[in-house]
Amino acid sequence: MRLRAARAFTRTPVVLALLAAALAASALAGLVLGPVRIPPGRVLDLVLAGPGPRAGGGAFGAIVWDVRMPRVLLGAVVGAGLAVAGTVLQALVRNPLADPFLLGASSGASAGAVLVIVFGAGFLGFAGTAALPLAAFAGSMGALVAVYAMARRGGAMTTGRLILAGVAVQYVLSALTSLVLVLSARPDQVRSVLFWTLGGLGGARWSELALPAGALLLGTGSLVALARPLDLLLAGEEGAQTLGLDTGRFRAAVFVLTSLVIGVLVAYSGAIGFVGLMVPHAARMVVGAGHRALLPVAALGGAVFLTLADLIARTAAAPEEIPVGVVTALVGGPFFLWMLRRSTRTEGVVG
């Protein structure tokens with residue numbers, strides 16, 4: 001066990017360096033490729049020249065700095081945040097199938113945001129432009145609490161009960177979103193609602209990057225600081241309590257923090273599934289289950305994955321664009337079925 005931990009400790013800096021290089025390469029590809037292909041050397045010149053007055057940049061400069069750069073950055077931020085949220089949710093519920101999308105958190109955030117889009121901010125009007133992220137946070141938090149309460153009924157939580165609770169909450173929230181879509185008579189609102197349900201990064205703007213980036217940095221920093229108690233949860237409920245952890249309060253606090261991160265991210269990207277399911281498993285296979293190394297690796301891995309997924313979404317069927325949530329679902333669906341098969345083999349008949 002100690003030898004494995006030592007290997008993971010020495011391997012982590014190498015993995016982080018490789019992922020940082022992969023993120024830089026995928027970001028460059030995101031700036032180069034699209035309906036208008038720009039030579040990589042030209043893109044590097046424009047990036048190194050900075051975002052100020054771009055002498056000689058012309059149309060290429062506007063495409064790189066005003067259209068593609070905020071989109072690539074938002075994709076990296078959302079991918080990193082969803083991967084970190086998935087990693088933490090899997091530790092909190094001690095289930096490898098936990099994911100912001102499968103547990104209904106993303107759907108809850110979308111439903112909250114859609115209600116604000118169609119019916120207005122209402123009592124959240126005091127928050128101004130933050131009303132949308134606040135509504136998304138409330139929806140995310142409500143969905144997670146509902147799924148957790150239903151899955152824990154009777155004291156034990158199995159994979160089958162967790163998935164059924166997540167699916168049930170997802171159906172209810174999807175029905176709510178569909179009802180809102182039917183009641184909405186304005187075409188611009190219908191387009192916005194469809195954006196939330198399918199997920200997309202096409203609306204990224206420089207002015208909208210600060211809040212999701214801040215939520216990611218604050219949330220990830222706080223969760224890395226909580227790496228040790230997260231590790232204690234891996235020992236089981238009784239084991240964690242024996243080692244001095246108040247599991248009830250800790251779970252409640254981390255649920256709130258995770259919901260806040262998910263809500264803010266979904267408010268700007270819509271519901272993008274399976275990032276928080278696949279990336280944590282891949283990271284765990286490389287650096288082990290210790291959260292101090294796992295969380296930064298998952299964050300960088302999620303950023304790379306969603307940056308590449310968005311690149312596929314806007315180039316695979318060009319000039320048409322596929323919602324990035326469709327691309328992640330096409331990859332994540334088979335992965336989820338594989339994980340479910342592995343899980344049922346170890347649990348037997350799901351409860």
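What is the volume of the second largest pocket? In this predicted model, the second largest pocket has a volume of about 320 Å³. Its surroundings are best understood once the chain as a whole has been described.

The chain contains 14 helices and zero strands, so that, read from the N terminus, its elements run α-α-α-α-α-α-α-α-α-α-α-α-α-α. It comprises 351 residues, of which 48% count as buried. Among contacts between residues at least 6 apart in sequence, 75% join residues at least 24 apart.

The interior may be considered next. In soluble globular proteins, nonpolar side chains tend to be buried together. Here the largest nonpolar core has 69 residues, and within it L89, L92, L230 and I272 touch the most other members. Helix α3, which covers residues 58-92, gives the most to this core, with 13 residues. The environment of L89 shows which parts of the chain meet at this position. Leaving out residues up to four places away in sequence, L89 touches R94, A98, D99, P100, L103, L144, F255, T258 and I262. A second core, separate from that one, has nine residues, including V32, I38, W65 and M69.

One of the contacts of L89 is L144, a buried residue of α5. Helix α5 runs over residues 131-151 and has 21 residues; from its first C-alpha to its last it reaches 30 Å, close to the 30 Å expected at 1.5 Å a residue. Its buried residues are A131, P133, A135, A136, G139, S140, M141, A143, L144, V147 and A151. An α-helix has 3.6 residues a turn, so residues three or four places apart point the same way. Such a spacing can be followed in the buried positions A136, G139, A143 and V147 of α5.

How many of the residues of α4 are buried? Twelve of its 15 residues are, so α4 is largely enclosed by the rest of the structure. These buried residues are A105, S106, S107, G108, A109, S110, A111, G112, A113, V114, V116 and V118. The length of the helix agrees with expectation, because at 1.5 Å a residue the 15 residues should span 21 Å and the end C-alpha atoms are 21 Å apart. After α4 comes G120, which has a positive phi, near 90°.

Helix α4 also leads back to the second largest pocket, since it is among the elements that give two or more residues to the lining: α4 (105-119), α6 (159-183), α7 (187-198) and α14 (324-347). The lining consists of 19 residues, and those nearest the centre of the pocket are F101, S174, T197, L198 and A271. The greatest contribution is that of α6, with six residues. By class, ten of the lining residues are nonpolar and nine are polar, while none is charged.

Enclosed space is a separate matter. Rolling a probe the size of a water molecule over the atoms shows where empty space is left. A search of the whole structure finds one cavity of 30 Å³ or more, and the largest cavity has a volume of about 50 Å³. It is lined by G30, R71, V72, G75, L201, L306, T307, D310, L311 and R314. Helices α3 and α13 (291-315) each supply at least two of these residues, and α13 gives the most, with five. The lining of this cavity divides into four nonpolar, three polar and three charged residues.

Helix α13 also contains H291. Is H291 buried or exposed? Its relative accessible area is 2%, and H291 is therefore buried. Beyond residues up to four places away in sequence, H291 touches T87, A91, A227, L230, D231, L234 and P296. One of these contacts, L230, is among the residues of the largest nonpolar core that touch the most other members.

A further buried polar residue is T247, which is found in helix α11 (residues 247-269). T247 counts as buried because its relative accessibility is 3%, below the 20% limit for burial. Apart from neighbours within four places in sequence, T247 is in contact with L233, E237, A240 and Q241. The C-alpha atoms of T247 and E237 are separated by 7.2 Å, although the two residues are ten apart along the chain.

Notes. Residues numbered from 1 in each chain as written. Predicted model: local features only at pLDDT ≥ 70, side-chain atom pairs only at ≥ 80, totals over all residues. Heavy atoms only, no water. Core = buried A, V, L, I, M, F, W, Y, C linked by side-chain atoms within 4.5 Å. Buried < 20%, exposed > 50% of the residue type's maximum accessible area, 1.4 Å probe, protein only. Helix = DSSP H or I, 4+ residues; strand = E, 2+ residues; numbered from the N terminus. Contact = heavy atoms within 4.5 Å. 1 Å grid on protein atoms, 1.4 Å probe; cavity = no way out; pocket = protein on both sides within 12 Å on 5 of 7 lines; lining within 4 Å. Points joined across faces, edges and corners; volume = space filled by probe spheres on them. Nonpolar A, V, L, I, M, F, W, Y, C, P; charged D, E, K, R; others polar. Expected span 1.5 Å × (residues − 1).
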